[in-house]
Amino acid sequence: MSIYTAIATSAGRDARAVSSDGKLDVKLALQKELGGDGEGTNPEQLFAAGYAACFASAMRLVGAQQKLDVSDASVTAEIGLSPNGKGGFQLEATLRVELPDSIALEAARELVEATHQVCPYSNATRGNIPVNLVIE
């Protein structure tokens, strides 16, 4: 049983995306790289924003469990879109994690790997798309 369900509706890449509560209402546009005008956001940008926010929040939880101060940490998600060789498309992700200098590299690796096991986006993508974790 879900503890929360997000609901959004869209008619496609050249339409709008609207959440059921009206808090999200964005113009979507096909990227220039795909032949569109690029005059709006796109699903990959929305996915990147969601993954970055989710991973950063999960890292705060894991950091607290490991007694690490990650309050100044940030996550940048890069979501790539490429042909899958079968007439469709596939995604790939790179998460760039910026941590405070006070966290040693080995502790940083353990933190990021543990976060990758906790984050719902990581759990959803595991085994489905490549996810590259980079500590900066």
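Student: Which residue in β2 stands opposite A8?

Tutor: This is a predicted model, in which local features need pLDDT of at least 70 and side-chain atom pairs count only at pLDDT 80 or more, while totals for chains, interfaces and linings use all residues. Residues are numbered from 1 along each chain as its sequence is written, and side-chain values use heavy atoms, without hydrogens and water. Strand β2 covers residues 16-19 and is joined to β1 by 3 bridges in the antiparallel sense. Opposite A8, on β2, stands S19.

Student: Happy with that one! Which strands stand at the edges of that sheet?

Tutor: The sheet is open, with antiparallel pairing and the order β1-β2-β3; two strands pair if DSSP finds at least two bridges between them. An edge strand here has a single partner, so one of its sides is left without a neighbour in the sheet. That describes β1 (8-10) and β3 (25-27).

Student: Stepping back, in what order do the elements of the protein chain run from the N terminus on?

Tutor: The chain comes to 3 helices and 6 strands, taken as DSSP runs (H or I, at least four residues, for helices; E, at least two, for strands) and numbered from the N terminus. From the N terminus on, the order is β-β-β-α-β-β-α-α-β.

Student: What is the strand order in the sheet that contains β5?

Tutor: This open sheet has 3 strands and mixed pairing. Within it, β4 and β5 (residues 89-98) pair in the antiparallel sense over 10 bridges, and G80 has E92 of β5 as its bridge partner. Strands β4 (74-83) and β6 (131-135) each have a single partner, so they stand at the edges. The order is therefore β4-β5-β6.

Student: And which helix touches β4, β5 and β6?

Tutor: Two helices are worth a look here. Helix α2 (residues 105-118) packs on the sheet by touching β5 and β6, and its direction makes about 150° with that of β6; angles run from 0 to 180 degrees between N-to-C directions of lines fitted to C-alpha atoms, for helices over the stretch in contact, with contact meaning heavy atoms within 4.5 Å. The helix of residues 43-65 also packs on the sheet, at about 145° to the direction of β4. The one touching β4, β5 and β6 is α1.

Student: Nice. Which residues do salt bridges with shared partners join into one network?

Tutor: The structure holds 5 salt bridges, each a side-chain nitrogen of Lys or Arg within 4 Å of a carboxyl oxygen of Asp or Glu. E78 in β4 meets R96 in β5, so this pair ties together parts 18 residues apart in sequence, with the closest N and O atoms 2.6 Å apart. R96 also bridges to E136 (3.3 Å, N to O), which lies in the segment after β6, so parts 40 residues apart are tied together as well. The network joins E78, R96 and E136.

Student: What relative accessibility does R96 have?

Tutor: R96 counts as partly exposed, a class between buried (under 20% relative accessible area) and exposed (over 50%), with a 1.4 Å probe and protein chains only. Its partner E78 is partly exposed too, at 35%. For R96 the value is 26%.

Student: One last pair: how many residues apart are E106 and R109?

Tutor: Their side chains meet in a salt bridge (3.4 Å, N to O), and they are partly exposed, E106 at 46% and R109 at 42%. Both lie in helix α2, and about one turn of the helix corresponds to their separation of 3 residues.
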